[in-house]
Amino acid sequence: MRNFITPVGEEYPFGGPGKFILGTVQAMAEQLRREYANTVDLIYIDPPFGTGDGFSVKLPGVREKVKIPAYSDNMDTASYLEMMCGVLTLCHDLLKDTGSIYVHIDYRMCARIRLMLDEIFGESCFQNEIIWADIEHMHQRDPERTGYATQKPEALLRRIISASCPEGGLVADLFGGSGTTAAVAAKLNRRFLTIDASPASLGIVRKRLLSAGCDVSLIKQSSALALSYPALPEGEFDADFTFSRDAFGAYVQLDSFRSKFGLSFMAFGTVDGDGIFRPAEYTLFPTVGSRLSDSACRADTVQLCDNAGGMRFYRG
């Protein structure tokens, strides 16, 4: 019988400095207040627009045209406004007195959200309404594209973060989506806090930040990346491995797998007493025959993730 385990998060020595939390803003609000009240320099949010539509992620590396639901934007107006009131009140509590918030919204709810912002932050705090006409939209083959339908270009976030967050400051994005805010913040030597309810977002953020490698942050503090998921998003797949050890290390090899969505990530490491998985080695887009090792001979757990953001942990 395969031994499955359920960690509560992951930690990497680079890819940050920052944290991604899998969950809804509503569910995480009190925890965020306890941990981050009056500490955030900049908040950028690109919330649902009240379109009545559903949005998805196009899976990379999968031949079939498979789409994974990312989020639903089909709340009625009253429910939408109640949700946004809670989100913006939380933003007010997280921001420093000197902090800034950018709310990316379209014509459907713009007037109502502006009134809500005036009520929560004070009308005198309003600075400007910005139209980003001078920043190009992303074309379909843009190398930045992750498959996320509502992804914003890095140029937009680069301008916002550079203008409104000091180096070493903290940037928060409560609807993290494709991870653009986190990716740009790391490149600009800012810390980040990203939240999203979609496992697909978690998978994209992990891949995007780790792909940038150790050079993603030059800041003189920890550049660790933390991923937190109070409830493990279990993947709909299975796999077989060969675990082995010798005098030089511990090893795992992927022998076979069955996955509707294809595999995006494989890591080999340990789960410590705090429930955090810490990889010794990982690879993106693993295939049959992929082999990972740990020269310290401590690793005993392999993590496998699919392109939908689902994952499983197998202990050898």
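**Exercise 1. Locate Pro 17 in the chain and describe the peptide bond that leads into this residue.**

Solution. Pro 17 sits in the loop between β2 (9-15) and β3 (18-22), where helices (H or I, at least four residues) and strands (E, at least two) are DSSP runs numbered from the N terminus. The peptide bond from Gly 16 to Pro 17 is cis, with omega near 15°. As background, most peptide bonds are trans, and most residues other than glycine have a negative phi. The model is predicted, so that local features need pLDDT of at least 70 and side-chain atom pairs count only at pLDDT 80 or more, while totals for chains, interfaces and linings use all residues. Residues are numbered from 1 along each chain as its sequence is written, and side-chain values use heavy atoms, with hydrogens and water left out.

**Exercise 2. Find where Asn 38 and Cys 297 lie, and give the phi of each.**

Solution. Start with Asn 38, which is placed in the loop between α1 and β4; its phi is near 60°, a positive value in a residue other than glycine. Next, Cys 297 belongs to the loop between β15 (291-294) and β16 (301-306), and its phi, near 65°, is likewise positive in a residue other than glycine. Cys 297 counts as partly exposed because its relative accessibility is 29%, given that buried means under 20% relative accessible area, exposed over 50%, and partly exposed in between (1.4 Å probe, protein chains only).

**Exercise 3. Work out which residues of helix α2 are buried, how they are arranged about the axis, and what they pack against.**

Solution. Helix α2 (residues 77-94) has 18 residues and reaches 26 Å from its first C-alpha to its last, close to the 26 Å expected at 1.5 Å a residue, where the expected span is 1.5 Å times one less than the number of residues. The buried residues of α2 are Tyr 80, Met 83, Met 84, Val 87, Leu 88, Leu 90, Cys 91 and Leu 94. Seen down the axis, these buried residues fall within an arc of 155°, so they line one face of α2; the arc is that of the directions from the helix axis to the C-beta atoms. On the other side of α2, Ala 78 and Glu 82 are exposed. The buried residues of α2 pack against α1 (25-36), β4 (40-45), β7 (95-103) and α3 (110-121), with contact meaning heavy atoms within 4.5 Å.

**Exercise 4. Establish how many residues of helix α5 are buried, and name elements that cover them.**

Solution. Seven of the eight residues of α5 (residues 180-187) are buried, namely Thr 180, Thr 181, Ala 182, Ala 183, Val 184, Ala 185 and Ala 186. What covers these buried residues of α5 includes β4, α4, β8 (170-173), β9 (191-196) and α6 (199-211). Asn 189, which follows α5, has a positive phi, near 65°.

**Exercise 5. Decide whether Ser 228 is buried or exposed, and list its contacts beyond its neighbours within four places in sequence.**

Solution. Ser 228 is found in strand β10 (residues 224-228). Ser 228 is buried because its relative accessible area is 17%. Once its neighbours within four places in sequence are left aside, Ser 228 is in contact with Val 8, Gly 9, Lys 19, Phe 20, Ile 21 and Leu 22.
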